[in-house]
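Open your viewer and get ready to select a few side chains. This tour goes from one aromatic ring to the next.

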Amino acid sequence: MNLNRLTYSLVAVGLLSMFGNNLMASDIPTAAPKVYPEGEVGRMVKLGEAILNKTDTHPLTKDLVGDKIQCKSCHLKGNDGKPGTGSGIGTFIGTATAFPAYSKREKTVQSLQDRINNCFMRSMNGKRPIIDTEASVAMATYITWLSDGMKMHMDTKRPCSPLNSKRWAKNAKKFAGIQKKATHANYMNGQKLFETKCASCHGKNGAGMGTFPPLWGKNAKGEWLAYNTGAGMSKLNKGAAWVQSNMPLGQGGTLKDQEAADIMLYVDAQPHAKFDLKKGLLPKEQMGYYNSKVLKEKHSVRSNFKQFGLDIDKIRGDHKIK
Ligand code: HEC
Ligand code: HEC
């Protein structure tokens, strides 16, 4: 373990407790440890890293993914080019220090592998990997390595890194207040902003381009391209919080609150796969136990808007969708 990194992370966690919500992006470590662990642990770290970079095409996970994005599409690369080391909301640095952690959504204490699987069902629009498989262990091993040397920081409220937890909570609350007041005019403004600030990379039709990931819709084969309506990104408040922190790429923190809110009002009003928890579970004899007290959950674009008291038809005006 690297002493500089340990000092750095202790300083970051110290700052976090001192300043709470006002943690500066520059205070957050943005690199993995410099050397891979030896032997089999090192092999699993590297395998996990490869899966996070190529989730939808990696032989061990491609059949479990129902869209065309990767873990690193949202858990961004930091200065070292590794998935999940970016300083914005969604960093994996510190994540492993928080687990096992309570999750309100599942109403259970979740392991890191459980938490990873939730992103498979939602953000990846896919199915939960089996916990005992090499792929599942490898992803957890890589994410754990990113916290090597950091202090444990168990979270009784949210299953996430101490470097994410307060930022998520504070910003989700702020954007919920803003989104509840949204009108068709905000949607139109969101479209305009999307076309000027985002479409150059993600495409005017949201389908992505080259290495720039898709944000909504289907491809010519009828396959969904991006996250489904059970994903954090599809919630009008959390999506805005993530985008304000991370986008446009390399310019995180530049969008004003109302801009981030309007852009995600527009993006999340476009077609995204319906979420049905049951579809995310493999047959019971294959998957084994599902660590959740909530066994039924469904969302659509319509219900996600309703959650904020909004009528999707009124918001989209004559751009109606099903
Ligand atoms: C479309 C964006 C997106 C993709 C792709 C995605 N995630 Fe996430 N992930 C999120 C969001 C948003 C959260 C936080 C949601 C919340 O707390 O409500 C999150 C949280 C997590 C957490 C908790 C970490 C923390 O410190 O907050 C883990 C672990 C995680 N994701 C793993 C993965 C893995 C592994 C993959 C790939 C299989 C993946 N995610 C793909 C958006 C995404
Ligand atoms: C310079 C190119 C660029 C611009 C401009 C840009 N993005 Fe991104 N965006 C990316 C890249 C690249 C990723 C994925 C990171 C990776 O794969 O390493 C990403 C990821 C995302 C994701 C999560 C992944 C997904 O597919 O859902 C969302 C949401 C997103 N961007 C929204 C936006 C919004 C909204 C804007 C405008 C405010 C924007 N982006 C502007 C390049 C860009």
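Select Lys46 and Tyr36 to begin: the charged end of Lys46 sits over the ring of Tyr36, at 5.1 Å from the ring centre. Bear in mind as you look that this is a predicted model.

Keep the rings on screen for the next stops. A pair of aromatic rings is described by the distance of the centres and the angle of the planes. Counted by ring centres within 6.5 Å, there are six aromatic pairs here. For one of them, keep Tyr36 and add Trp145: the centres are 5.1 Å apart and the planes meet at 15°, so this pair is stacked. Now colour by secondary structure. Tyr36 belongs to the loop between helix H1 (3-19) and helix H2 (39-53), while Trp145 is in helix H4 (residues 134-145), so the pair ties together parts that are 109 residues apart in sequence.

Turn on the surface next. Is Trp145 buried or exposed? With a relative accessibility of 6%, Trp145 counts as buried. Tyr36 is partly exposed, its relative accessible area being 31%.

Stay with Trp145 and add Tyr142. Here the ring centres are 6.0 Å apart and the planes are at 50°, so the pair of Tyr142 and Trp145 is tilted. Both residues lie in helix H4, three residues apart, which is about one turn of the helix. Tyr142 is buried, and so is Trp145.

For the last stop, select Tyr187, Phe194, Trp216 and Tyr266 together. Ring pairs link these four residues into a cluster.

Key. Residues numbered from 1 in each chain as written. Chains lettered and ligands numbered in written order. Predicted model: local features only at pLDDT ≥ 70, side-chain atom pairs only at ≥ 80, totals over all residues. Heavy atoms only, no water. Phe/Tyr/Trp six-rings, centres within 6.5 Å; stacked < 30°, edge-to-face > 60°. Helix = DSSP H or I, 4+ residues; strand = E, 2+ residues; numbered from the N terminus. Buried < 20%, exposed > 50% of the residue type's maximum accessible area, 1.4 Å probe, protein only. Lys NZ or Arg CZ within 6 Å of the ring centre and 35° of its normal.
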